[in-house]
Amino acid sequence: MLSAADLAGPGPDEHGRFGIFGGRFVPEALIPALDEVEKVFNEARNDPEFVREFDHLLRTYAGRPTPVTEVPRFAEHAGGARILLKREDLTHTGAHKINNVLGQALLTKRLGKTRVIAETGAGQHGVATATAAALLGLECVIYMGAVDCERQALNVARMKLLGAKVVPVHTGSRTLKDAINEAFRDWVTNVDHTHYIFGTVAGPHPFPEIVRDFARIIGVEARRQVIELTGRLPDAVAACVGGGSNAIGIFHAFLDDKDVQLHGYEAAGHGLESGEHALTLTAGSVGVLHGARTYVLQDDEGQTIESHSISAGLDYPGVGPEHAWLKDSGRAVYHGVTDEAAMEAFALLARTEGIIPALESSHALAGALELGRELGPGATILVNLSGRGDKDMATAMKYFNL
Amino acid sequence: MTTLQTVFEKARAEKRAALVGYLPAGFPSARGAIAAATTMVEGGCDVIEIGLPYSDPLMDGPTIQDAVHRALVNGTRIADVLRTVEAVAATGAATLVMTYWNPVDRYGAERFARDLAAAGGAGTITPDLTPEEAGPWLEASAAAGIDTVFLVAPSSTDARIEKVVRCCTGFVYAASLMGVTGARETVSAAAEGLVKRTREHTTLPVCVGLGVSNGAQAAEVAAYADGVIVGSAFIRRLLDAPDEASGLAAVRALAEELAAGVRA
C-alpha cells in the first residue's frame, strides 16, 4: 500500500529551486495557477483519501506493482554483470507515464477543473493523458509536434480513439519543445477551467516536483524488489533521460543509498561531433527553457538549438532541473548513447529475452551493457525499462529493413 | 535618450494616453524593422518596443511568432537588436526592448543592461521574468540607468500586483486578458478592472496591452489607462503588404489611427 511518505521526495526549496536550477520563468498570468496547483498538490499528498485513491488506481487500473525481470541472456553481452529490468513497459498504456498522469488527473478533479491539456513527443504521455481523461471524464487536448505526429502515427490514432483532440504543432522544430510552447499558450488562455498535465520533470515549479513524486513509485517498488531478489541493493541504476521523468522516478528511492551509482543516458543521436543529438546535460549549458533554469542546448545568444534523436521521447533540448542539480552535485552521472547503439540494444533485448523495449529505454539498455563491462562480473545493474516498443515499430522496420 | 518618465509627463500634460508600438528587430528585415519603427514614430507612437527575437516565444500568438521566426531566419542577433534600438531612439521616441529572459541571461545581465543603455534604450519589458527571479536584473538595470517593466495579469492577486509593481520603473504593463499576443475584435472587459486594481498599489503609469488593434479600441483603453500597447496589428500590416512601400504606408495609417484614438 502506497503511503504519503512515498509521495514526498526531498527538495526543492520554497521557490522551487534545486540549487541554482528550477524556479519559475513564466508569464505572470500563470503564477496564480501554479500557486494553486502547488497548494492543492501539497494538500492532496497529505490527504489519506487522495493517497488511497491514487494507490487504488495504480493497482487496479495501471497494473502496479510492475515486476522486476532478470535478463541473463541479454546480460551475457554485459561482461557478466547481472541485469534486472523494472518493467514499466507492463503498465496500462505501456510506459511509466501512466503513473504521473493518473496522479495529475486526480489533481485536476480536486482543482475543480474539467479540461486537461498535455504535450507529447513519442506519444506515450499523450496516450496516458487521453486514457486518464477518458477514465475520469475530462475533456482532453493533446499538442504534438507535426514531425512527431508522423513518426508516431499509431499513438496519434490511439489518442483519437480515446476521445482526445490531437493538435499538430507546425511552429519551430515541430517536435516536443514546440508542443510544450503551444500547450503553455493554451494554458494561459484557458487556465480557469484547464489543468496542464505536464509530462516530465521539467517546466516551472511545482511541475518538476509533482511529476517526480507521482513517478517515485517506480523506484520505491524496485528498491524493495531488488533486495528481495538479490538480498542487497543494486550496484547501479540506469535510466534514459529526455526530460527525465522515468529516470527521476527510479533514481529517487536510491538517492540516500550512497553506494548505489545512478547513471542517466541521453540521446547522442548521430554523435556529439555531428551536432545532431539531444545531449543536454553532456553538451548543453545553463539557461532557461520552458519556465525553469536548467541545462539547455542553446547557441551563444540563448536561442534554443534543435535536438535530434531517433527516439521522439528523448528529442528534447532541455532537461528537468533536478537532473541538472544531480549532475552538478555529482550524485548522478550522465552519458550519451547514439541512435546506432540504442538500436543495437533494442534488437538484442528482443532476440535474447523476447521483450521489445521502447527506443527511449533502449538507450538505457545500451548504457547498461557498457556499464556492465566496466563494473565487471558480479555487479548488479537495475535498468528502468520505461516503456514498450510497439509504438516504435515503424522506425524499427525502416532501420532494420524488416 | 528619451525616458519613459518624459513621455508620460508629456502625454499627461496633453491629457491623453501614450501610444506604445511593438515590432521585433530583424522583421521584415534588419533595415525594414528600422524603417517600420521610424514610420510608427512619425505616425504618432510615443514609445517603441523592439522585440528581441527568441526561438521559444511562449507568450506570443501566431502573428508575432511568425514575424519572430522570420527575423531569426534572417539571422537577427542581439547586435542587430541594439543597432535597431539605436536607430529608433534617435527619432526621439522612448525605445524599449521586449525580451524573454534566456537571451539576456546568456548575454549577461550586466552586459545587456550596459549595452542597451549605450544604444539609447530606455529600458526593457520582460514577460517571463517573475519578481522572484528578477533580483540580478533589477540591479543591473538600476546600475545602467534603464527602466524595468514587468507584467500584471487579470489573474494576479492583489498581493502579486503589489510584488510586481515593486519591480517596475517607467510603467506597469497590464495584460488585458488571459491569453497570448494577437489582435482581437473586442478589448477584454477585465482590463479596466486590472488597471484600477494596479493603481491601488502604484503611482507609476499603467499601460494596457494584448488585443488592441484599431483606433476605437485605442480610444476605449485610453479612457482608463495611461498608455495603449499595440503589436500584432502593426505586424499584420507588414505581413499582408505586397511590398515594403505599401507595408510602411499601412503601418503609418494604423499609427495615425491609433494616435487619434488615444487623443479621442
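User: Why are helices α2(A) and α4(A) called oblique to each other?

Analyst: This is a predicted model, and in it α2 (residues 48-62) and α4 (residues 97-111) of chain A pack at an angle of about 135 degrees. An angle over 145 degrees would count as roughly antiparallel, and one from 65 to 115 as roughly perpendicular. The value of about 135 degrees fits neither range, so α2(A) and α4(A) are oblique. Their axes lie 10 Å apart, and the crossing of the two helices is right-handed.

User: What makes the contact between α2(A) and α4(A), residue by residue?

Analyst: On the α2(A) side you will find Phe50(A), Glu53(A), Phe54(A), Leu57(A), Leu58(A), Tyr61(A) and Ala62(A). They meet Ile98(A), Asn99(A), Leu102(A), Gly103(A), Leu106(A), Leu107(A) and Arg110(A) of α4(A). Sorted by class, this contact has 10 nonpolar, two polar and two charged residues.

User: How do you know whether α1(A) and α9(A) are parallel or oblique?

Analyst: Let's use the angle again. The axes of α1(A) and α9(A) cross at roughly 30 degrees, and angles under 35 degrees count as roughly parallel. Therefore α1(A) and α9(A) are roughly parallel to each other. Their axes come within 10 Å, and their crossing is left-handed.

User: Which residues make the contact between α1(A) and α9(A)?

Analyst: From α1(A) come Leu34(A), Val37(A), Phe41(A) and Arg45(A). From α9(A) come Phe207(A), Glu209(A), Ile210(A), Asp213(A) and Phe214(A). By class, that gives six nonpolar, no polar and three charged residues.

User: How do you know that the bond joining Arg64(A) and Pro65(A) is cis?

Analyst: Look at omega for that peptide bond: the value is about -5 degrees, and the bond is cis. Pro65(A) sits in the loop between α2 and β3 (68-70) of chain A. Another cis peptide bond runs from His205(A) to Pro206(A), with omega near 15 degrees. Pro206(A) is in the loop between β8 (194-196) and α9 (207-215) of chain A.

User: What makes Arg174(A) worth a look?

Analyst: Arg174(A) is not a glycine, yet its phi is positive, at about 60 degrees. You can find Arg174(A) in the loop between β7 (165-169) and α8 of chain A.

User: What makes up the lining of the largest pocket?

Analyst: The largest pocket, with a volume of about 420 Å³, is lined by 23 residues. Nearest its centre are Gly172(A), Tyr54(B), Ser55(B), His69(B) and Leu72(B). The elements giving two or more residues to this lining are α8 (176-190) of chain A and α3 (62-73) of chain B. Of the elements, α3(B) gives the most, with six residues. By class, the lining has five nonpolar, 10 polar and eight charged residues. Gly counts as polar here, so Gly172(A), one of the lining residues, belongs with the polar group.

User: What about the second largest pocket: which residues lie nearest its centre?

Analyst: They are Arg24(A), Asp35(A), Glu132(B), Arg160(B) and Lys163(B). Asp, Glu, Lys and Arg count as charged, so each of these residues is charged. The whole lining has 15 residues, divided into two nonpolar, five polar and eight charged. At least two of them come from each of α1 (31-45) of chain A and α8 (158-165) of chain B. The space in this pocket is about 230 Å³.

Note on methods:
Residues are numbered from 1 along each chain as its sequence is written. Chains are lettered from A and ligands numbered from 1 in the order in which they are written. This is a predicted model: local features need pLDDT of at least 70, side-chain atom pairs count only at pLDDT 80 or more; totals for chains, interfaces and linings use all residues. Side-chain values use heavy atoms; hydrogens and water are left out. On a 1 Å grid over the protein atoms alone, a cavity is a set of points where a 1.4 Å probe fits but cannot get out, and a pocket is an open set with protein on both sides within 12 Å along at least five of seven lines; lining residues have an atom within 4 Å of a point. Grid points are joined across faces, edges and corners, and a volume is the space filled by probe spheres set on the points. Helices (H or I, at least four residues) and strands (E, at least two) are DSSP runs, numbered from the N terminus. Axes are lines fitted to C-alpha atoms, for helices over the stretch in contact, and angles run from 0 to 180 degrees between N-to-C directions. A crossing is left-handed if the near helix is turned anticlockwise from the far one by less than a right angle, and right-handed if clockwise. Contact means heavy atoms within 4.5 Å.
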